[in-house]
Structures are given as C-alpha cells and as structure tokens.
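Q: Could you walk me through one helix in this model, and then show me what's going on around the rest of the chain? I'm new to this, so please explain the terms as you go.

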Amino acid sequence: MPLDLVLGSQWGDEGKGRITDSLARQAKIVARFSGGDNAGHTVTVAERRYQLHLIPSGIIHEHSLCVMGSGMVVNPTTLIAEIKELQAAGVDINPGRLLISLSAHMITPGHLALDAAEEGARGSARLGTTKRGIGPSYTHKAARQGLRLEALLSVQENIPRFRQHLEASNRMLERIYEQDGLDIQHAIETLQSQAEFLAPYLADTGQVLDQALRQGQRVVGEGAQGTLLDLDHGTYPYVTSSHPTTAGALLGLGIGPQYLDRIIGVTKAFQTRVGEGPFPTELHDELAERLRGSGANPWDEFGTTTGRPRRCGWLDLVLLRYAHRINGFTELAITKLDILSGLPLLMLCVAYKRNGSEWEDLSDGLSSLESCEPVMEEQSAWAEVISRAREWRDLPLPARDYLETIESAANVPIKMVSVGPERDQLLYR
Ligand code: GDP
Ligand code: IMO
Ligand code: MG
C-alpha cells in the first residue's frame with residue numbers, strides 16, 4: 001500500500017520537513033493536507049537551507065509532483081512569494097509540478113487582520129498564534145462563509161462575495177476591535193492579479209491522488225504542526241484550527257484509508273513548544289538554554305515562521321503514548337538526538353502525578369495537563385558527538401538505551417534517527 005504519512009507527535013517543529021525530504025526520494029507525490037503558512041519546514045541540502053511554509057518539501061526533488069490538499073488554508077500573497085523565492089533559488093515550480101486543491105480555503109487580508117486583532121483582545125489569555133490568519137480562515141470555513149480557491153477561476157463573478165467578506169471583516173475590526181478597516185478596493189485589485197497567477201495551479205487534487213494511489217504510485221503525506229496542536233485532540237484552546245493527525249490527513253487529502261502504509265510519528269528527542277499553553281516538562285534554567293541553543297546554529301530552537309524562541313523541556317512519554325493513541329503510528333522517527341550529546345543531565349517524563357496518584361496515561365485527555373506534575377526518570381547521558389553516526393551501532397550505548405526506553409514506553413518501533421539536519425545525517429534501522 002503506497003501512502004505514507006509524516007506526522008508531528010508533539011507541538012510542531014519536530015523535523016517533519018527533513019523526514020519528508022528523505023522519504024520524497026522514493027515517492028511520486030508529496031502532499032500537504034492541513035494548515036497553512038503557520039508551518040515552517042526546513043530542508044538542508046549541503047550549504048542550502050530551504051524554508052517551506054506552504055509548498056510541500058518534495059518540491060526540492062526534481063522528480064516529485066507536489067500537492068496542496070483541500071484541508072489547507074492558503075494565503076495567495078505568501079504562496080506567490082514562496083513560489084517566486086524558490087524559483088529564484090533554482091527550484092523548478094510550474095503548474096505541472098505543483099497542484100493546489102480547488103477546495104482549499106483562502107486566507108484573506110481580512111483573516112490576517114482579525115487574527116492579530118483577536119490575539120490583541122485576548123490580552124494575557126493570548127494563544128500565541130502565528131498571526132497568519134489561520135484561525136479566522138478555518139472559522140469562516142466551518143461557518144460556511146469561507147472563500148475556496150476555486151473562486152479564483154472566475155474571479156470577476158466572485159468579486160461581490162470577496163467584497164462582502166471584506167466589508168464584514170471591516171465591521172468587526174472597526175466596531176468590535178476599534179481598529180482601522182482595510183482598503184477594500186486595493187485588496188480586490190490585488191486578488192484579481194493573484195488569480196491570474198494561481199489559476200493554472202488549481203486542480204481536483206483528491207482525484208489526482210486517488211488515481212496515483214490506485215496505480216500503486218507512492219505518495220507521502222507531509223503533516224504540518226503536531227498532534228498536541230490538533231483542534232480536537234490537542235491542548236485546547238492552545239491549539240491550531242486544523243487536524244494535523246492521521247484522520248486529518250485523509251480528510252485533507254480527500255482520499256480513503258485503504259492505501260495507508262506507514263504512519264510515521266516524527267518525535268524530537270526532547271520537547272519544544274512555541275506559543276502559549278501547558279507544557280509539563282518545560283525547563284527554565286540553563287538546561288533549557290542548552291536545548292534551545294543561542295541562535296548561532298540554523299537548527300537552534302527559534303521559530304522558522306515567526307523567529308520566536310521555542311520553549312524547551314524533556315521528552316514527555318505520557319504525551320507520546322497519547323499521540324500514538326490518536327494517530328496509530330506504525331513507527332517513530334527521532335530527530336535532533338545530536339543535541340543531547342554532552343548534556344550534564346538527561347531526563348524523561350514517564351508518568352504524571354495528580355491528587356496523590358501516579359498515572360502513566362491521561363485518564364481525562366489533555367484538559368487536565370495544567371494540574372499534572374511530571375514524574376521524571378534520570379537517563380544515562382553521553383558525551384560523544386554523534387553527528388557522524390550512520391548506523392545504530394555507531395551510537396554510544398546510553399544513546400541506544402535512551403532510544404530503546406522511548407520505543408518500549410511508546411510501544412512503537414523507532415525506524416529512523418536523525419543526528420543532524422543534513423540529508424545524510426539520518427540512520428535507518
Ligand atoms: P518541522 O516544522 O517539523 O519541519 O521542523 P522545523 O524545520 O521547523 O524545525 C526543525 C529544525 O531542526 C530545522 O532547523 C531542521 O533543519 C533541524 N533539524 C532537523 N533534524 C535535525 C537533527 O537531527 N539535528 C539537528 N541538529 N537539527 C535538525
Ligand atoms: P510546523 O509545521 C510549531 C502553533 C502556534 C500557536 C498555535 C496556534 O512548522 O511544525 P496558529 O497560527 O496555527 O493559529 O497558532 O499553534 N503553531 C505551530 N507551532 N510549529 C508549527 O508548524 C506551528 N503551527 C502553528 O505557535 O501556539
Ligand atoms: Mg516548523
């Protein structure tokens with residue numbers, strides 16, 4: 001069966017882009033299925049670093065066809081900028097290589113302004129969104145007021161709907177948030193020129209994927225965000241507005257489950273989070289600084305999309321087991337193991353303590369996370385630099401023990417281990 005999914009098991013930024021890049025070598029199609037340009041996926045190829053926000057990571061491989069599925073929300077302005085930026089870097093992008101779902105929803109200047117205004121109004125209860133208009137676009141989709149990209153095919157006919165949407169956004173901005181409204185005429189003219197650029201890329205992508213899968217062609221579904229940011233199953237309300245999980249992948253690709261093969265849970269060797277919300281194993285001392293890095297290395301923990309420093313802490317096995325329950329992982333890919341080399345202390349969260357009892361699993365979902373105290377177990381640390389390891393046996397014994405502890409706690413085999421951002425810094429097991 002030819003459909004593999006690459007999913008984040010944590011709060012995003014697990015290294016999905018680099019794992020997708022590796023799988024893309026043997027795939028015909030690489031498809032994103034949810035989220036928008038809140039995502040930031042990094043692929044390192046020798047001295048080049050590609051930062052992808054909307055376009056699937058497969059675009060870097062010349063043979064790949066890339067699909068942006070119906071579950072996505074797309075800002076035409078940032079999409080066009082990303083296409084042009086990649087083209088300038090020598091990546092071949094044309095309507096024969098990149099197909100965008102007609103049913104994906106648009107992110108408009110109204111959604112962008114509302115995201116910022118809503119976050120501002122939340123004050124200290126802010127969610128820490130990326131301010132890319134994600135929440136407002138999915139809100140309008142669910143309220144059946146959204147604009148699908150198919151509107152770009154007959155943009156003249158759809159101008160009244162676009163105008164109505166912008167007028168409604170302005171009423172919200174001016175009356176509720178006491179802000180200036182948007183320049184509606186300018187927004188309409190911009191969209192008209194963008195429609196001409198994007199129309200050739202639009203297609204019924206579910207049909208394309210189904211046909212390819214029927215013929216046995218391999219497809220990689222590239223997740224964005226992570227399981228703990230899932231709208232239903234994440235740390236609500238500190239979540240995104242989409243479903244970055246197995247079920248969301250099928251929905252956002254527009255296909256059934258019959259083709260599913262590997263469901264890869266990409267898991268960072270420690271835990272990070274950008275934005276607000278509970279984080280039981282978060283560190284605030286110099287160990288957090290060690291895990292985050294100073295920003296001198298490109299892989300240090302600063303957001304690809306917003307540049308915000310990421311919150312860092314120890315890997316949480318309770319949450320990993322939970323992510324497995326939601327997604328049904330067939331395997332794990334552990335990333336950034338190299339960052340743990342030389343740490344003076346290495347810990348894992350193995351259970352939670354609450355009301356005097358210990359729990360290895362969450363009995364009432366993630367809503368109780370704030371009141372959970374992590375039960376930590378010390379692991380043997382290692383001093384060796386491991387970025388040159390290419391096989392399991394190249395890893396120091398404590399590193400192998402660490403991985404085996406994760407594997408048996410999650411009850412999912414680890415099949416890939418990443419020890420650096422470069423293409424060859426990946427061990428297969
Ligand atoms: P994504 O959103 O899940 O694709 O992850 P990001 O690209 O936002 O963040 C992961 C960062 O870590 C990127 O800068 C990657 O180049 C980098 N990275 C991925 N795997 C490894 C690894 O094994 N070691 C190191 N040092 N960096 C890695
Ligand atoms: P990738 O694909 C990390 C977080 C935001 C915020 C919350 C809601 O690179 O892993 P939103 O703008 O989606 O309404 O913000 O979700 N978030 C991410 N965090 N990686 C991401 O994507 C994220 N996409 C959204 O920081 O906490
Ligand atoms: Mg990222």
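**A close look at helix H8**

A: Let's start right where the helix stops: just after H8, glycine 254 takes a positive phi of about 80°. The labels H and S stand for helices (DSSP runs of H or I, at least four residues) and strands (runs of E, at least two), numbered from the N terminus. Before we go on, residues are numbered from 1 along each chain as its sequence is written, while chains are lettered from A and ligands numbered from 1 in the order in which they are written. This is a predicted model, where local features need pLDDT of at least 70, side-chain atom pairs count only at pLDDT 80 or more, and totals for chains, interfaces and linings use all residues; side-chain values use heavy atoms, with hydrogens and water left out.

So why is H8 largely enclosed by the rest of the structure? Because 6 of the 8 residues of this helix, which covers residues 246-253, are buried. Buried means under 20% relative accessible area, exposed means over 50%, and partly exposed is in between (1.4 Å probe, protein chains only). The buried ones are Thr246, Gly248, Ala249, Leu250, Gly252 and Leu253. Their cover includes strands S1 (3-8), S2 (29-32) and S11 (260-268), along with helices H7 (205-214) and H10 (317-327).

Now step back along the chain, into the loop between strand S10 (219-222) and H8, where you'll find proline 237. A cis peptide bond joins tyrosine 236 to proline 237, with omega at about 5°. Glutamine 225 lies in that loop between S10 and H8 too, and has a positive phi of about 55° although it is not a glycine. Those are worth a second look, because most residues other than glycine have a negative phi, and most peptide bonds are trans. Glutamine 225 is buried, with a relative accessible area of 7%.

Alanine 46 also has a positive phi, about 50°, without being a glycine. Its place is the loop between S3 and strand S4 (48-52), and alanine 46 is partly exposed at 46% relative accessible area.

Remember H10 from the cover of H8? Arginine 321 lies in H10 and is buried, with a relative accessible area of 16%. Skipping its neighbours within four places in sequence, arginine 321 is in contact (heavy atoms within 4.5 Å) with Val350, Glu360, Asp361, Ala409 and Ala410. Phenylalanine 329 is in the loop between H10 and strand S15 (331-335), and is buried as well, at 5%. Residues up to four places away aside, phenylalanine 329 touches nine-odd spots you can click through, including Leu7, Ile263, Ala323 and Val412.

For a contrast, try arginine 161 in helix H5 (residues 155-176). Arginine 161 is partly exposed, at 38%. Its side chain reaches the backbone oxygen of glycine 146 at 3.0 Å. That is a polar contact: a pair of N or O atoms within 3.5 Å, where within protein one must be able to donate a hydrogen and the other to accept it, and residues adjacent in sequence count only if both atoms are side-chain atoms.

Finally, the ligands. Ligand 2 sits in the largest pocket and ligand 1 in the second largest. A pocket is found on a 1 Å grid over the protein atoms alone: it's an open set of points with protein on both sides within 12 Å along at least five of seven lines, whereas a cavity is a set where a 1.4 Å probe fits but cannot get out; lining residues have an atom within 4 Å of a point. A molecule sits in one if more than half of its atoms lie within 2 Å of its grid points.

Around ligand 2 there are 21 residues, counting those with a heavy atom within 4 Å. A polar side-chain atom of lysine 16 lies 2.7 Å from an oxygen atom of ligand 2. Taken alone, ligand 2 exposes 550 Å², and the protein buries 97% of that; these areas come from the Shrake-Rupley method with a 1.4 Å probe, and for residues only the protein chains shown count as cover.

Ligand 1 has 23 residues around it. A polar side-chain atom of aspartate 13 lies 2.9 Å from one of its oxygen atoms. Taken alone, ligand 1 exposes 580 Å², of which the protein buries 98%.
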